[in-house]
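Me: Could we go through a few of the labels in this model together? I'd like to see the reasoning behind each one.

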Amino acid sequence: MPVYSVSNVEDLRICVVMVGLPARGKSLIATKIVRYLSWLSIKAKCFNVGTYRRLQTIHPSASFFEPDNTEGEKLRREAAVLATKDMIRWFEEENGVVGILDATNSTVERRNWILQICREEGLEPMFVESWCDDDEIIMHNIIEVKTRSPDYEGQDPEQSVRDFRERIRNYEKVYQTLDDESLTYCKIINVGAQVIINRIQTYMESRIVYFLTNLHIRPRAIWLSRHGESMFNLSGQIGGDSDLSPRGRMYAEQLPELVRQSVGDAPLTVWTSTLKRTQQTASKLPYPKLAWKALDELDSGVCDGMTYEEIEEQYPEDFKARDDNKYEYRYPGGESYRDLVIRLEPIIMQLERQENILIVTHQAVLRCIYAYFMNVSQDQSPWMEVPLHTLIKLTPRAYGTEVTRIKANIPAVSTFRQKGSSAKHDATPQTTAELHLSL
């Protein structure tokens, strides 16, 4: 099974330079790139120039961004210098692979300055421009910034919108789109309606372009749910293809109403694994359904159908090895969490392309998907608790992903085992109150 490590392919350090007017989704795209590469074990980090600028100026008005505001230009340049220095330090001290310089970088002069720094530091520059003239998309992004950007925290919403529109007009006065054919770049037009690439030559650049051609920044949500409690959950067995328990069937009956409360009248597509317990859970949902083999539970190999207690007794070295490094540990004849991430990459690509998907699948699979959207580390993701009989809504935003959980009033056993804890299975179902505490 391949591992996406840049050291396996080439010894390059990439500086991704974001380009675009405000409210074009640059920060969301930059965040998504970091999240995707980190999920694939590629060391990436975003350096947002606005964050450095806010250390000097809090709540600046639109006039701060006028081209002839020399004091504003001076402070914006200083912020870019600080962000760039921190990025270079990160490359050197933490062996970074892909650093993202997130700013408007709206003029040829500013981009040439960054190019010079990249050449001096031995970095490979790759420009990513988000170009958009769709008023509906721009207005949505303005509202997103108005309600969530630290620049407008605590300010009147309507005044914030007017000010931000004026800020955009100030940038438009000097904005120069990417058209230098000597540069390596990817230009995303109207959130993926058209993608232009130029001089993409390295493996890592191609990985980034592959991702960019699949994503969109339109508003949407993703819903996640484990299958209902299964007969194997009751007995403490892992893997298998068991049916739902009586309480699991109750969850399947209640799930359509939980989804309706969260989704409303929006169109929705349901994805399940090919295993019975997920398809039985989704059977009452009145939406189109698609079964994915890639969403099947982590393959536990020779341990399939065993309890953790039996695994500890029969394979004590394996039991300890999995506790020591759960992400990398591979069941004999089965999979590791790293293997599962690689198996799920096509699913992630489809999720980035789609709008409003409900995934009904398994604990390990949901851990990996949740870790992707929430940028959870590899050390932590295999140990996250994902309770049964809970609907999770993820809403990607420019400054992070919002999480909403809806709990069904149906008890279920806990299948969660903490690192280093006893392997003994407790068949006592959690009450609704205990489910609340576990989240």
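Me: Which helix does Glu136 lie in?

Reply: Happy to help! This is a predicted model, and in it Glu136 lies in helix α5, which spans residues 135-148.

Me: What makes Glu136 exposed?

Reply: Its relative accessible area is 66%. The label "exposed" applies over 50%, so Glu136 qualifies. Glu136 also gathers with Asp133, Asp134 and Asp135 in a patch of negative charge on the surface.

Me: Thanks! On to the rings: how many aromatic pairs are there?

Reply: With ring centres required to lie within 6.5 Å, the count comes to 10 aromatic pairs.

Me: Why is the pair of Tyr36 and Phe211 called stacked?

Reply: The centres of the two rings are 4.5 Å apart, and their planes stand at 5°. Planes under 30 degrees apart count as stacked, so Tyr36 and Phe211 earn that name.

Me: What does that pair tie together?

Reply: Tyr36 lies in helix α1 (residues 26-39) and Phe211 in helix α7 (residues 203-212), so the pair ties together parts that are 175 residues apart in sequence. Both Tyr36 and Phe211 are buried.

Me: And why is the pair of Tyr329 and Tyr331 called edge-to-face?

Reply: Here the centres are 5.4 Å apart and the planes are at 80°. Since edge-to-face needs planes over 60 degrees apart, the pair of Tyr329 and Tyr331 is edge-to-face. Tyr329 and Tyr331 are both buried.

Me: Which residues do ring pairs link into a cluster?

Reply: Trp39, Tyr372 and Phe373 are linked in this way.

Key:
Residues numbered from 1 in each chain as written. Predicted model: local features only at pLDDT ≥ 70, side-chain atom pairs only at ≥ 80, totals over all residues. Heavy atoms only, no water. Patch = residues over 30% accessible without salt bridge, like charges linked within 9 Å, V, L, I, M, F, W, Y side chains within 5 Å. Areas by Shrake-Rupley, 256 points an atom, 1.4 Å probe, with all protein chains shown as cover. Salt bridge = Lys/Arg side-chain N within 4 Å of Asp/Glu carboxyl O. Lys, Arg positive; Asp, Glu negative; His and termini not counted. Charge placed at Lys NZ, Arg CZ, Asp CG, Glu CD. Helix = DSSP H or I, 4+ residues; strand = E, 2+ residues; numbered from the N terminus. Buried < 20%, exposed > 50% of the residue type's maximum accessible area, 1.4 Å probe, protein only. Phe/Tyr/Trp six-rings, centres within 6.5 Å; stacked < 30°, edge-to-face > 60°.
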